There are 2 protein chains.
Amino acid sequence: MSLQQFSSSLLENAVNEFAKLPGIGRKTALRLVLHLLKQSEYEVEVFGKAFIQLRSEIQYCTVCHNISDTEICQICSNPSRDHETVCVVENIKDVMSIENTQQFRGLYHVLGGIISPMDGVGPKDLEIESLIERVQTENVKEVILALSTTMEGDTTNFYIFRKLAPLNIKITTIARGIAIGDELEYADEVTLGRSILNRVEFTNSFK
Amino acid sequence: MSLQQFSSSLLENAVNEFAKLPGIGRKTALRLVLHLLKQSEYEVEVFGKAFIQLRSEIQYCTVCHNISDTEICQICSNPSRDHETVCVVENIKDVMSIENTQQFRGLYHVLGGIISPMDGVGPKDLEIESLIERVQTENVKEVILALSTTMEGDTTNFYIFRKLAPLNIKITTIARGIAIGDELEYADEVTLGRSILNRVEFTNSFK
């Protein structure tokens with residue numbers, strides 16, 4: 001559907017705004033806009049303002065840099081969580097993924113990305129300094145590195161490991177191996193190789 | 001991804017608003033919201049306001065009821081279009097579809113729906129009275145009925161036909177038949193039957 005067919009520049013504007021979002025083309029954008037037109041003026045105002053308010057009022061936890069409504073996020077301020085264990089992740093989506101597993105009761109540290117010289121992201125652009133400060137000043141006993149298994153993820157892991165090593169704490173990384181439900185036949189060689197090298201005692205695997 | 005995992009009610013709100021749109025689930029909604037968070041505050045304000053402004057300032061052309069920024073829409077106010085031919089359509093999407101064919105130079109009349117007793121939509125809920133008034137007061141020579149080929153569409157066609165018949169103008173309906181590129185083998189019987197009954201002179205079909 002080409003642009004000049006719109007009889008209204010307001011309509012055109014609204015369609016263009018939706019079409020800027022990832023994965024939304026002009027046809028879908030038009031469908032969404034026509035849907036909004038059928039809603040009440042109040043509902044559309046609530047819709048539009050939700051994003052404006054989110055963007056202008058959003059805060060990041062000063063401790064872990066996770067998205068938050070308050071200065072200290074709900075996770076960091078929760079006394080029933082294990083404040084001695086900090087899980088280092090790339091972004092807030094990873095926090096949500098790990099929270100959804102309901103297997104982790106410690107705190108997080110959101111780096112805001114990973115070291116990637118190709119994209120011009122260096123250690124200074126990430127929340128690495130604040131992680132080290134946090135480990136030095138707070139009673140952290142274990143740092144779990146939970147970054148992607150990519151070249152950039154490994155680089156970041158090593159960088160953080162070298163910075164933390166002198167601080168005499170336990171540094172771990174999440175287990176790599178064959179995913180639950182996967183068949184060995186289809187696993188890649190590197191993963192299968194690592195899963196054999198890093199094999200665990202049979203009873204441990206059910207912990 | 002469940003709800004309680006969001007560490008921010010602002011984030012939760014924004015995700016909920018996106019997820020209200022048709023065809024957008026909570027996972028996609030979250031992806032879109034995280035995309036917006038990466039944009040500048042100004043860009044997000046422009047985004048949100050585009051919809052609020054559209055909804056509050058949108059007008060409908062007083063002549064054809066198409067969506068418009070002005071009292072009379074661009075199509076109705078264009079002197080180079082054929083003001084003697086009016087094409088009756090169900091909604092503004094149909095106007096766009098027909099405009100995209102670039103085969104029609106007349107004006108439109110948007111009914112705002114079709115007669116559907118099941119959904120409680122009667123002739124009074126549609127812009128049928130205004131169509132008749134328009135034909136009576138303006139120099140309209142032909143009304144083209146371009147509604148869906150459904151029971152409701154046919155009912156609406158007949159209703160309008162009976163109302164317009166005494167006014168002594170040409171009333172036509174868009175051609176039904178085998179779509180260009182379709183194979184006869186897969187056409188339904190009713191369409192194929194109609195396309196034989198309403199066959200056109202061979203030369204006409206290339207006009």
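**A buried ion pair and a two-fold interface**

Glu99(A) and Arg81(A) are both buried, and in this predicted model the two side chains form a salt bridge in which the closest N and O atoms are 2.8 Å apart. The pair links distant parts of the chain, since Glu99(A) belongs to helix H4 (residues 92-101) of chain A while Arg81(A) sits in the loop between strand E2 (67-68) and strand E3 (85-89) of chain A, 18 residues apart.

In chain B, the side chains of Glu99(B) and Arg81(B) likewise meet in a salt bridge, with an N to O distance of 2.8 Å. This pair too links distant parts of its chain, with Glu99(B) in helix H4 of chain B and Arg81(B) in the loop between E2 and strand E3 (85-89) of chain B, 18 residues apart. Glu99(B) has a relative accessible area of 13% and is therefore buried, and Arg81(B), at 7% relative accessibility, counts as buried as well.

The salt bridge between the side chains of Lys141(B) and Glu84(B), at 3.4 Å from N to O, offers a further case within chain B. Lys141(B) lies in the loop between helix H5 (128-137) and strand E5 (142-145) of chain B, and Glu84(B) in the loop between E2 and E3 of chain B, so the pair ties together parts that are 57 residues apart in sequence. Here the setting is partly exposed: the relative accessible area of Lys141(B) is 48%, and that of Glu84(B) is 31%. Over all chains the count comes to eight salt bridges, yet across the interface of chain A and chain B there are zero.

How, then, are chain A and chain B related to one another? A turn of 179 degrees, with a shift of 0.0 Å along the axis, lays chain A on chain B with an RMSD of 0.1 Å. This is the relation of a two-fold axis. Among the residues of chain A, Gly48(A) comes closest to the rotation axis, its C-alpha lying at 2.0 Å. The contact takes 54 residues from chain A and 54 residues from chain B, and because 100% of the interface residues of chain A are also interface residues in chain B, the copies meet through the same surface. The area buried between the two chains is about 5300 Å², of which carbon and sulfur atoms give 69%.

Helix H2 of chain A takes part in this arrangement. For the 13 residues of H2 (residues 26-38), a rise of 1.5 Å a residue predicts a span of 18 Å, and the end C-alpha atoms are 19 Å apart, which agrees. The buried residues of H2(A) are Ala29(A), Leu30(A), Leu32(A), Val33(A), Leu34(A), Leu36(A) and Leu37(A). What do these buried residues pack against? Within chain A they pack against helix H1 (9-19) and helix H3 (41-57), and in chain B against helix H3 (41-57), strand E1 (59-60), strand E2 (67-68) and helix H4 (92-101).

Two annotated regions of chain A can be set beside this picture. An unreviewed UniProt entry places a "zinc finger region: C4-type" at residues 61-76 of chain A; the end C-alpha atoms of that span lie 8 Å apart, and the span is 0% helix and 12% strand. UniProt, again in an unreviewed entry, places the feature "domain: Toprim" at residues 84-179 of chain A, a span that is 35% helix and 18% strand, with end C-alpha atoms 28 Å apart.

Some backbone details in chain B also deserve attention. Most residues other than glycine have a negative phi. His65(B), however, has a positive phi near 65 degrees; this residue lies in the loop between E1 and E2 of chain B, and at a relative accessible area of 17% His65(B) is buried. Gln102(B), also not a glycine, has a positive phi of about 55 degrees and is found in the loop between H4 and strand E4 (107-110) of chain B. Is Gln102(B) buried or exposed? With a relative accessible area of 60%, Gln102(B) is exposed.

Finally, Glu133(B), in helix H5 of chain B, is exposed at a relative accessible area of 52%. The C-alpha atoms of Glu133(B) and Val200(B), which are 67 residues apart along the chain, are separated by 33 Å.

Methods:
Residues are numbered from 1 along each chain as its sequence is written. Chains are lettered from A and ligands numbered from 1 in the order in which they are written. This is a predicted model: local features need pLDDT of at least 70, side-chain atom pairs count only at pLDDT 80 or more; totals for chains, interfaces and linings use all residues. Side-chain values use heavy atoms; hydrogens and water are left out. UniProt positions are given in the numbering used here, feature names are shortened, and annotations may be inferred rather than shown by experiment. Helices (H or I, at least four residues) and strands (E, at least two) are DSSP runs, numbered from the N terminus. The expected span of a helix is 1.5 Å times one less than its number of residues. Buried means under 20% relative accessible area, exposed over 50%, partly exposed in between (1.4 Å probe, protein chains only). Contact means heavy atoms within 4.5 Å. Copies are superposed by least squares on the C-alpha atoms of residues with pLDDT of at least 70 in both. A salt bridge is a side-chain nitrogen of Lys or Arg within 4 Å of a carboxyl oxygen of Asp or Glu. Buried area is the accessible area (1.4 Å probe) that two parts lose on being put together, summed over both.
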